[in-house]
Amino acid sequence: MISNSATILVTGAAGFIGGYLSRYLNDLDYNNLILVDNFHNHQKVSNTQGIRCSVRMEREYLFAWLYKTKYPVDFVIHLGARLDEGKTEQYILHHLNILYSKEIFEYCAFKNIPIIYASSAATYGDGKLGFDEDKAHPALLHPQSNFAFSKNEFDQWAPFLDQPPFYAGLKFFNVYGEGERIKGRMASIVQQGYTQIMKTGKIQLFKS
């Protein structure tokens, strides 16, 4: 458990999970937060209203700021990522989900900062190799979307990059709840199903 005076950097802080996490950290009396996201998105700005923090940082300025600031960073929670909405260019996924993540990871190694980062259950593909990390090595998986591929690529690289003192990748499965409408068509099946039922009284299932 880190001290309540610690400074925690949260990327994707204005997203669905990041917003809830940041508020939960406030509830635990962690108020020295550095919130990083694309705050040009006005819908995201409203998602962070009321969160107590020390700094709000546009994601494109993060690294320039980190390497010149004397502001201490004690822990990093890297949730920021670009979802694949079917129209997202692959180079954008590569830049934000792989290169950006590698730069954060390498910064944590350089500064000796623990990091938790978001992976995704989508990396497991069709699930034929199961969902056990000891058996389903990232290099053996066959993700079925560009988003999942980008996440799996980073999962493969992380053990071979310079190591922070501690790191963990969390593979999220269908996280859902109030406020996830900002994810659009990438919202959970629970949210999409609820919306369909309220509009039509039915839910349209799909085959993978």
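Here is a walk through this structure, from the overall layout down to single residues.

Keep in mind that what you're looking at is a predicted model. The protein chain has 208 residues, and 42% of them count as buried. Six helices and six strands make up its list of elements. Follow the sequence along and you'll meet them in the pattern β-α-β-α-β-α-β-α-β-α-β-α. If you take the contacts in the protein chain with a separation of 6 or more, 64% come from residues 24 or more positions apart. As for the outside, the protein chain exposes about 12,200 Å², with carbon and sulfur atoms supplying 54% of that area.

A good place to step inside is Val 36, which sits in strand β2, residues 33–37. Val 36 counts as buried because its relative accessible area is 1%, and the cut-off for buried is under 20%. Setting aside neighbours within four places in sequence, Val 36 touches a list of residues including Leu 9, Val 10, Thr 11, Gly 12 and Ala 13. Also on that list are Met 57, Glu 58, Arg 59, Leu 62 and Tyr 100. Take Met 57 as an example: 21 residues separate it from Val 36 in sequence, yet the two C-alpha atoms are 4.7 Å apart in space.

For a contrast, look at Gly 50, in the loop between α2 (42–47) and β3 (55–58). Gly 50 is exposed, with a relative accessible area of 69%. Its C-alpha atom is 9.9 Å from that of Asn 26, a residue 24 positions away along the chain.

While you're on the outside, find Tyr 24 in helix α1, residues 16–27. Tyr 24 has a relative accessible area of 48%, so it is partly exposed. Together with Met 1 and Leu 28, Tyr 24 makes a nonpolar surface patch of about 390 Å².

Now for the charged residues. Side chains of opposite charge can pair when their charged atoms come close. How many salt bridges are there in this model? The count comes to two.

One of them joins the side chains of Asp 126 and Lys 128, at 3.7 Å from N to O. Asp 126 is partly exposed, at 46% relative accessibility, while Lys 128 is exposed, at 73%.

The other salt bridge brings together the side chains of Lys 171 and Asp 155, at 3.8 Å from N to O. Lys 171 belongs to strand β6 (residues 167–172) and Asp 155 to helix α5 (residues 146–157), so this pair ties together parts that are 16 residues apart in sequence. Are Lys 171 and Asp 155 buried or exposed? Both of them are buried.

Helix α5 holds another lysine worth a look, Lys 151. Lys 151 is buried but has no salt bridge. Asp 155 is the nearest side chain of opposite charge, and it is 7.4 Å away from Lys 151; a salt bridge needs the nitrogen and oxygen within 4 Å, so that distance doesn't qualify. What does the side chain of Lys 151 have close at hand, then? One of its polar atoms lies 2.7 Å from the backbone oxygen of Ala 118. Leaving out neighbours within four places in sequence, Lys 151 is in contact with Gly 80, Ala 81, Ala 118, Ser 119, Ser 120 and Thr 123.

How values were computed:
Residues numbered from 1 in each chain as written. Predicted model: local features only at pLDDT ≥ 70, side-chain atom pairs only at ≥ 80, totals over all residues. Heavy atoms only, no water. Buried < 20%, exposed > 50% of the residue type's maximum accessible area, 1.4 Å probe, protein only. Helix = DSSP H or I, 4+ residues; strand = E, 2+ residues; numbered from the N terminus. Patch = residues over 30% accessible without salt bridge, like charges linked within 9 Å, V, L, I, M, F, W, Y side chains within 5 Å. Areas by Shrake-Rupley, 256 points an atom, 1.4 Å probe, with all protein chains shown as cover. Contact = heavy atoms within 4.5 Å. Lys, Arg positive; Asp, Glu negative; His and termini not counted. Polar contact = N/O pair within 3.5 Å; in protein donor to acceptor, adjacent residues only side chain to side chain.
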